[in-house]
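Visitor: I would like to go through this model piece by piece, with short answers. Please show it before we begin.

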Amino acid sequence: MNLEKLKESMYQLVVETSTNLPKDVRRAIQKAKHRENEGTRAAMSLATITNNIQMADENVSPICQDTGLPTFKVKTPVGVNQLEIKEAIYEAIVKATKDGKLRPNSVDSLTGENSGDNLGAGTPVIKFEQWEKDYVDVRLILKGGGCENKNIQYSLPCELEGLGRAGRDLDGIRKCIMHSVYQAQGQGCSAGFIGVGIGGDRSSGYDLAKAQLFRSNDDVNPNESLRQLEEYVMEHANELGIGTMGFGGETTLLGCKVGVMNRIPASFFVSVAYNCWAFRRLGVSVNPESGDIQEWFYQDGDLITFKEENEAEKETAAASESNVVTLQAPITEEQIRELKVGDVVRINGMMYTGRDAIHKYLSDNDAPIDLNGQIIYHCGPVMLKDEEGTWHVKAAGPTTSIREEPYQGDIMKRFGIRAVIGKGGMGPKTLAALKDHGGVYLNAIGGAAQYYADCIKSVEGVDLMQFGIPEAMWHLKVEGFTAVVTMDSHGNSLHEEVDKSSLEKLAKFKDRVFN
Ligand SMILES: O=C(O)C[C@H](O)C(=O)O
Ligand code: SF4
């Protein structure tokens with residue numbers, strides 16, 4: 001095998017997967033977009049999403065800043081050296097990280113140290129298999145952490161909120177899948193794609209679920225029972241009304257693929273792998289002698305660039321500018337008290353990133369800067385430093401906020417923070433603190449990392465770099481950073497409302513459907 005060529009091919013696969021959403025995924029997103037009613041939050045969010053997809057294409061930059069745990073599935077003809085392929089993949093990963101196409105995402109679980117190049121114990125994941133065909137098949141998925149955290153595994157029989165008993169049969173499986181979509185709410189950056197694995201044990205069940213994510217979104221399940229199940233879920237999951245980013249809306253699910261394997265008598269698992277709309281998975285066939293790419297998978301049909309509809313939407317957005325509230329830090333309590341759930345805000349000036357490590361740190365240390373009246377952005381960006389030592393933002397969308405629930409309220413009060421921006425919403429503890437202290441939660445569109453990077457005009461500084469690039473506190477100067485108030489200082493939470501109404505809707509699917 002020509003190793004140099006193979007390294008190039010693997011690099012191309014990594015860059016394309018991170019920056020260029022596959023055609024089947026684009027089709028699903030476009031369909032969802034056309035279903036939403038103009039002027040709704042869901043339509044606005046989907047417009048941001050399609051804008052972001054176009055920007056990632058044009059900038060050849062990550063669609064989402066979380067480039068996940070790179071997972072490769074490789075099939076090789078007998079006689080091909082798998083160690084060489086592994087080496088080529090490692091090199092491609094290191095180079096793509098250096099070039100800002102992947103975020104350094106490999107973190108020592110005990111020390112918290114970021115390896116900086118995406119290599120480390122267990123990362124990336126590469127799974128080999130031999131086959132009879134004469135070419136090498138390499139598939140890659142970049143599945144981010146927010147949606148990974150929404151995976152769920154059911155052990156049947158069980159009791160499910162809203163749905164009652166799920167037994168050991170097709171109907172019990174149906175209930176589990178419906179519940180899995182409900183429990184994800186908007187936190188995995190809905191609308192999502194799910195892969196479901198029936199049977200196996202706890203680990204092979206999840207593997208089977210994840211393997212479904214490698215199916216084309218447009219295929220038809222050859223197993224008639226599973227085909228019916230997939231169709232049922234696609235039709236009814238959208239009736240839950242969770243919608244894009246959990247803002248409510250017509251589309252909650254973009255794809256559902258179910259696989260089945262045998263189990264042992266005592267176990268009956270239904271495993272669900274949830275993938276965000278930023279469904280980054282591609283594949284190539286590689287010539288085993290030359291190392292060249294012969295064909296790209298998931299790329300049948302026309303390419304939807306979203307260019308024209310994005311242009312048209314920009315004009316409509318400009319026309320409705322009057323409903324937007326502009327915020328600039330430092331923000332006063334009075335300004336915050338005026339904001340209500342549903343308001344759209346546009347931020348100019350400074351914001352500071354802070355996610356998991358920072359929230360833990362601030363819970364028992366002083367802040368490195370004065371945060372009084374300031375805005376915290378739950379974000380772990382992709383950053384590159386140029387030769388002069390200046391930092392540049394390559395991708396910077398929000399991260400899932402709920403992980404900071406144990407800390408957020410206390411930290412806001414202690415440091416006088418007035419606004420936090422993130423995605424997926426927060427819980428009752430934060431809501432109470434927002435009311436008490438005079439704070440607001442702003443929801444940005446998850447996965448729209450290019451769209452937000454474009455709003456960041458300069459990086460003014462950085463603190464706590466010991467936590468690594470995604471976890472450091474970046475001082476960002478922004479212009480026109482748009483987000484929606486989803487939790488206000490009057491005790492209102494859109495997330496609480498959608499959770500409640502979607503649970504009521506879930507309960508409508510209680511009755512038996514499959515015998
Ligand atoms: O780690 C991130 O930047 C985001 C993460 O994928 C998330 O969805 O919370
Ligand atoms: S931020 Fe959202 S789009 Fe990005 S990886 Fe996480 S779940 Fe996916």
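Visitor: In what order do the 5 strands of the open sheet with mixed pairing run?

Guide: This is a predicted model. In it, 5 strands make up an open sheet whose pairing is mixed. Each of the edge strands pairs on one side only, and these are β2 and β11 (293-296). From one strand to the next the twist averages 20 degrees. The order is β2-β1-β3-β10-β11.

Visitor: Which residue in β10 is the bridge partner of Asp137?

Guide: Asp137 belongs to β3, which covers residues 136-142. Strand β3 pairs with strand β10 (residues 280-286) in the antiparallel sense, over 7 bridges. In β10, the partner of Asp137 is Ser285.

Visitor: At about what angle to β2 does α4 run?

Guide: Two helices can be placed on this sheet. Helix α1 (residues 3-19) lies across β1, β3, β10 and β11, at about 155 degrees to β10. Helix α4 lies across β1, β2 and β3, and its angle to β2 is about 150 degrees.

Visitor: Why is one side of β4 and of β8 left without a neighbour in the sheet?

Guide: These strands belong to an open sheet of 4 strands, ordered β4-β9-β7-β8 with mixed pairing. The twist there averages 15 degrees from one strand to the next. β4 (152-155) and β8 (253-260) stand at the edges, so one side of each has no neighbour: each has a single partner strand.

Visitor: Which residue of β8 is the bridge partner of Gly197?

Guide: Gly197 falls in strand β7, residues 192-198. β7 and β8 pair in the parallel sense over 7 bridges. In β8, the partner of Gly197 is Gly259.

Visitor: Which helix lies across β4, β7, β8 and β9?

Guide: The helix in question spans residues 170-184. Its direction is at about 145 degrees to β4. It is helix α6.

Visitor: What is omega for the cis peptide bond between Thr123 and Pro124, and for the one from Ala329 to Pro330?

Guide: Most peptide bonds are trans. Pro124 sits in the loop between α4 (82-98) and β2 (125-131), while Pro330 is in the loop between β12 (324-328) and α10 (333-338). For the bond joining Thr123 and Pro124, omega is about -10 degrees. For the bond from Ala329 to Pro330, omega is near 0 degrees.

Visitor: What is the approximate phi of Val60?

Guide: Most residues other than glycine have a negative phi. Val60 is not a glycine, yet its phi is positive. Val60 is located in the loop between α3 (41-59) and β1 (71-77). Its phi is about 45 degrees.

Visitor: How do the residues of the shell around ligand 1 divide into nonpolar, polar and charged?

Guide: The residues surrounding ligand 1 include Gln65, Asp66, Gly145, Gly146, Thr399 and Thr400. Arg103, Arg355, Arg403 and Lys423 are also among them. The shell divides into no nonpolar, 5 polar and 5 charged residues.

Visitor: What percentage of the area that ligand 1 exposes when taken alone does the protein bury?

Guide: An oxygen atom of ligand 1 is 3.0 Å from a side-chain N or O atom of Arg355, and for Arg403 the corresponding distance is 3.4 Å. A polar side-chain atom of Lys423 is 2.7 Å from an oxygen atom of the ligand. Taken alone, ligand 1 exposes 270 Å², and the buried part is 93%.

Methods: Residues are numbered from 1 along each chain as its sequence is written. Chains are lettered from A and ligands numbered from 1 in the order in which they are written. This is a predicted model: local features need pLDDT of at least 70, side-chain atom pairs count only at pLDDT 80 or more; totals for chains, interfaces and linings use all residues. Side-chain values use heavy atoms; hydrogens and water are left out. A residue is near a molecule or strand if one of its heavy atoms lies within 4 Å of it. A polar contact is a pair of N or O atoms within 3.5 Å; within protein, one must be able to donate a hydrogen and the other to accept it, and residues adjacent in sequence count only if both atoms are side-chain atoms. Accessible areas come from the Shrake-Rupley method with a 1.4 Å probe; for residues, only the protein chains shown count as cover. Ala, Val, Leu, Ile, Met, Phe, Trp, Tyr, Cys and Pro count as nonpolar, Asp, Glu, Lys and Arg as charged, and the others, Gly among them, as polar. Two strands pair if DSSP finds at least two bridges between them. Axes are lines fitted to C-alpha atoms, for helices over the stretch in contact, and angles run from 0 to 180 degrees between N-to-C directions. Contact means heavy atoms within 4.5 Å.
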